[in-house]
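Work through the following exercises with the sequence and the structure at hand. Each task is followed by a solution in steps.

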Number of protein chains: 2
Amino acid sequence: MPSAAIDYARQNSSRFLDELKTLLRIPSISTLPEHNADVFGAATWLAEELKRIGMENVEVIKTAGHPLVYADWLHAAGKPTCLCYGHYDVQPPDPLGEWKSPPFEPVERDGNLYARGAVDDKGQMYMHLKALESLFQANGGKLPINVRVILEGEEEVGGEQIAKFVREKGDRLKANFALVSDTELFAPELPTLCVGLRGLVYTEIEARGAMTDLHSGIYGGAAPNPFIALAEIIAQLKDSSGRILIPGFYDAVKAPSEAELKAWRSLPFDEEHYRQTEVGSSRLTGEPGFSVLERTWARPTLDVHGMPGGFTGAGAKTVIPAKAVAKVSMRLVPDMDPTKIFEQYKHYVESLAPAGVSVEVRLIHSGEAIVIGTDNPYIQAATRALKQVWGKDTVFIRSGGSIPIVGDFERHLKVPSVMMGFGLPDDNLHAPNEKFHLANFYRGIDSIITFFEELGK
Amino acid sequence: MPSAAIDYARQNSSRFLDELKTLLRIPSISTLPEHNADVFGAATWLAEELKRIGMENVEVIKTAGHPLVYADWLHAAGKPTCLCYGHYDVQPPDPLGEWKSPPFEPVERDGNLYARGAVDDKGQMYMHLKALESLFQANGGKLPINVRVILEGEEEVGGEQIAKFVREKGDRLKANFALVSDTELFAPELPTLCVGLRGLVYTEIEARGAMTDLHSGIYGGAAPNPFIALAEIIAQLKDSSGRILIPGFYDAVKAPSEAELKAWRSLPFDEEHYRQTEVGSSRLTGEPGFSVLERTWARPTLDVHGMPGGFTGAGAKTVIPAKAVAKVSMRLVPDMDPTKIFEQYKHYVESLAPAGVSVEVRLIHSGEAIVIGTDNPYIQAATRALKQVWGKDTVFIRSGGSIPIVGDFERHLKVPSVMMGFGLPDDNLHAPNEKFHLANFYRGIDSIITFFEELGK
């Protein structure tokens with residue numbers, strides 16, 4: 001028998017969706033300075049919404065970067081306090097040409113909502129707000145537990161400001177646990193809690209040869225080519241099997257427990273199906289001797305994201321560019337130290353610079369990997385709530401992605417995170433045609449309502 | 001004692017320069033479709049100018065690409081016929097931020113004219129027109145020799161249309177020799193004829209991994225990365241000494257004669273000075289055992305010009321792109337066959353594709369290398385004219401660049417080319433801050449006048 005709060009959520013589902021669309025129309029791309037005003041606009045919009053639903057002490061907190069949005073409701077004496085976290089910034093939408101509908105004009109198709117940020121993370125963050133609204137409305141303006149909300153606007157560019165806030169003003173975020181909805185269901189209809197995240201070291205390698213761009217006819221054979229230098233460097237970062245060649249890179253890697261590995265093997269996962277339906281390449285890559293789940297959850301990796309410089313237009317330009325850049329990141333697992341890994345990487349890359357080319361290795365941002373124990377009471381309450389709403393036992397997974405704030409919450413606030421996400425593996429996050437399955441949006445709201453009611457018992 | 005035509009050129013030099021500036025303000029970038037109208041505008045502007053100075057049968061010849069401009073004056077019975085060639089299209093100006101003044105707003109600084117196309121090739125092509133105008137004006141509307149003019153608008157993108165015209169309508173271009181001013185002086189004040197050009201094979205390698213862009217956190221360790229694949233391929237195209245590893249690549253290479261090599265060794269050229277002032281890298285690169293002049297004039301090379309794809313903006317985007325492209329070209333020397341080289345290259349590149357990545361190798365354009373004998377009467381007359389104007393003996397050089405039309409003239413029209421160019425090694429062609437030294441613009445006009453007068457004797 002659904003609670004009054006769940007009834008309210010169901011009766012208001014179409015308005016909830018309209019509101020989410022309004023939020024998705026704001027192109028709050030945190031990495032592009034020309035969208036700074038949009039990022040700020042999304043923050044103020046959310047602050048207004050938090051006030052409207054009944055949250056108190058609502059504040060748009062200015063920072064040296066994009067603002068934070070804070071709110072609380074702390075009148076459930078004797079009950080636990082949840083810190084609801086989410087981010088309202090999004091990834092750039094490029095390549096624009098591959099979107100079937102414009103990224104900032106949300107459209108429903110086949111039971112999905114398509115827009116940049118639909119699932120990562122505006123849609124999932126908005127589930128928290130709508131769960132809170134429903135609980136307020138169904139309980140005479142009260143919540144079953146204490147709640148603080150903290151939203152950030154630069155998760156996609158490293159989350160520097162919230163990390164600083166957590167470090168320096170942690171007392172404003174005191175809680176018993178954090179709720180983070182920025183992950184996915186392992187499979188449709190399968191309630192899932194994420195209990196592990198990889199860390200990240202995101203870098204740029206800039207190679208410089210000649211002092212100016214040169215004509216490749218006149219100077220080819222004498223002037224160093226920074227793209228060829230980068231190619232030589234990148235080709236030496238991994239061997240042909242996918243093993244990373246940075247000296248010392250694997251030294252601190254902590255393997256998952258036997259129990260975890262056993263549970264992963266029992267998950268409904270078929271590597272061939274995954275290859276065909278999610279990746280679509282002729283073969284999967286990665287270190288031999290590890291399953292796909294191990295490779296993407298529990299092994300470190302290295303990828304190249306783009307190589308700006310030179311001539312990238314259509315047709316031909318015969319230039320030897322003076323400089324070229326490679327954007328390279330590494331995903332880390334427990335217990336790799338991002339600072340140490342960056343130093344090892346930098347030292348190795350510098351040692352690979354060919355004659356005539358100088359390289360500069362820059363750290364863009366980084367964060368540690370994290371693993372959360374499944375025995376804490378908040379994870380336990382979450383599994384009970386998910387069982388009620390979804391009728392199934394929760395599976396515990398890790399994610400290959402990085403949510404550095406989860407590490408900051410653990411380190412500085414000493415609170416564990418409940419990563420209760422409702423995305424799907426094919427939701428195209430960070431890619432064209434990002435979507436959120438609408439049934440999951442609604443069932444996610446139900447799940448959070450039930451979780452908070454469970455904790456308020 | 002200067003001729004009347006040279007007197008006329010000197011009296012009108014400031015107007016000549018103003019006219020050139022007008023031409024340089026037209027952004028006739030042949031590789032960018034959005035500038036098609038500008039390319040056409042430059043063609044019609046030149047046709048009007050050819051009519052004005054006294055040329056006959058002026059025509060803007062429409063083609064499947066950018067237009068050709070034709071004109072002639074054929075009333076010097078018994079005298080030779082010169083085919084004046086030039087191109088009115090230019091390279092893209094990017095990177096725009098590195099120009100000290102806007103590329104299409106010509107500005108004089110320190111005796112130089114700065115603009116995209118100043119030297120390559122609008123400024124040099126315009127010397128022909130101004131030499132012809134001066135000869136008409138000083139000789140009662142007559143020229144000392146017969147002249148045909150053919151100008152093209154797609155030299156920077158491969159010159160397909162003029163090549164087709166030469167092949168199919170060669171009778172309209174009948175001449176004894178061609179005059180091409182698209183090369184440079186070996187050193188300031190040193191009259192120079194270019195008698196060798198490298199060929200070119202310009203390609204794109206497209207690597208495809210996953211079927212869509214993927215999040216590098218979620219898929220890193222399983223999805224193939226097309227940039228890493230391209231890096232691995234490119235790193236195997238050359239060894240660390242700069243030798244190209246494509247099987248069979250060097251098989252047909254014809255070395256320069258001992259006499260040529262001896263003449264090159266006597267040229268005023270200091271590799272260390274060249275490294276410091278022209279290239280500016282910490283070391284020069286290229287095959288060991290060959291001098292810089294041999295490496296850039298008489299040895300084939302391979303360069304990468306840009307690697308479009310993925311994320312190239314500022315900041316961080318954690319994407320594994322579905323595809324990435326490398327723009328790769330090779331410079332060829334006599335007697336390498338572009339078609340055969342492309343096939344060898346394509347086959348080799350395809351063989352290097354790593355597991356999970358498919359590659360497509362596309363030919364963008366190509367042209368053969370060429371060497372012209374110094375004993376023909378037009379080269380001989382040119383050296384006499386240059387001696388008169390510059391007071392020095394001409395040096396014969398090659399260029400590492402490619403002017404495919406010179407090969408077409410030789411093959412299809414059976415005419416040798418006199419490559420009499422007046423650029424300087426530091427004129428930044430194809431690069432930001434392209435310039436033309438104004439003294440060379442004026443002295444180039446004098447040289448062409450004198451050359452034609454010499455042939456009309």
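Angles between 65 and 115 degrees count as roughly perpendicular, and those under 35 degrees as roughly parallel. The model used throughout is predicted.

**Exercise 1. Describe how helix 7 of chain A packs on helix 7 of chain B.**

Step 1. Two packed helices are described by the angle between their axes and the distance between the axes.

Step 2. For helix 7 of chain A and helix 7 of chain B (residues 226-235), the angle is about 110° and the axes are 8 Å apart.

Step 3. The two helices are therefore roughly perpendicular to each other.

Step 4. From helix 7 of chain A, the residues A:I228, A:A231, A:E232, A:I234 and A:A235 meet B:I228, B:A231, B:E232, B:I234 and B:A235 in helix 7 of chain B.

Step 5. By class, the residues of this contact are eight nonpolar, no polar and two charged.

**Exercise 2. Find the operation that superposes chain A on chain B.**

Step 1. Chain A is superposed on chain B by a rotation of 180° with 0.0 Å of shift along the axis, at an RMSD of 0.0 Å.

Step 2. This is the relation of a two-fold axis.

Step 3. Within chain A, A:A231 has the C-alpha nearest the axis, 2.0 Å from it.

Step 4. Both copies use the same surface, since 100% of the contact residues of chain A recur in chain B.

**Exercise 3. Which elements of chain A give two or more residues to the side that touches chain B?**

Step 1. The contact involves 82 residues of chain A and 82 residues of chain B.

Step 2. On the side of chain A, the helices that give two or more residues are helix 6 (216-219), helix 7 (226-235) and helix 10 (292-297).

Step 3. The strands that do so are strand 10 (214-215), strand 11 (301-310), strand 12 (319-320), strand 13 (323-332) and strand 14 (358-367).

Step 4. Strand 11 of chain A gives the largest share, nine residues.

Step 5. Sorted by class, this side of chain A has 34 nonpolar, 37 polar and eleven charged residues.

**Exercise 4. Trace the open sheet of eight strands.**

Step 1. The strand order is 14(A)-9(A)-13(A)-11(A)-11(B)-13(B)-9(B)-14(B), and the pairing is antiparallel.

Step 2. Strand 14 of chain A and strand 14 (358-367) of chain B are the edge strands, as each pairs on one side only.

Step 3. From one strand to the next, the twist averages 25°.

Step 4. Where chain A meets chain B in the sheet, strand 11 of chain A and strand 11 (residues 301-310) of chain B run antiparallel and are joined by three bridges. Here A:G306 stands opposite B:G310.

Step 5. Within chain A, strand 9 (residues 199-208) and strand 14 pair in the antiparallel sense over nine bridges. In this pair A:V201 stands opposite A:S366.

**Exercise 5. Describe the packing of helix 12 and helix 14 of chain B.**

Step 1. Helix 12 (residues 377-390) and helix 14 (residues 438-456) of chain B pack at an angle of about 130°, with 8 Å between their axes.

Step 2. That angle makes helix 12 of chain B oblique to helix 14 of chain B.

Step 3. The crossing of these helices is right-handed.

Step 4. Helix 12 of chain B contributes residues including B:A381, B:A385 and B:V389, while B:R443, B:T450 and B:L455 are among those from helix 14 of chain B.

Step 5. The residues of the contact divide into seven nonpolar, three polar and four charged.

Definitions and conventions
Residues are numbered from 1 along each chain as its sequence is written. Chains are lettered from A and ligands numbered from 1 in the order in which they are written. This is a predicted model: local features need pLDDT of at least 70, side-chain atom pairs count only at pLDDT 80 or more; totals for chains, interfaces and linings use all residues. Copies are superposed by least squares on the C-alpha atoms of residues with pLDDT of at least 70 in both. Two residues are in contact if their C-beta atoms, placed from the backbone, lie within 7 Å. Helices (H or I, at least four residues) and strands (E, at least two) are DSSP runs, numbered from the N terminus. Ala, Val, Leu, Ile, Met, Phe, Trp, Tyr, Cys and Pro count as nonpolar, Asp, Glu, Lys and Arg as charged, and the others, Gly among them, as polar. Two strands pair if DSSP finds at least two bridges between them. Axes are lines fitted to C-alpha atoms, for helices over the stretch in contact, and angles run from 0 to 180 degrees between N-to-C directions. Angles under 35 degrees count as roughly parallel, over 145 as roughly antiparallel, 65 to 115 as roughly perpendicular and the rest as oblique. A crossing is left-handed if the near helix is turned anticlockwise from the far one by less than a right angle, and right-handed if clockwise.
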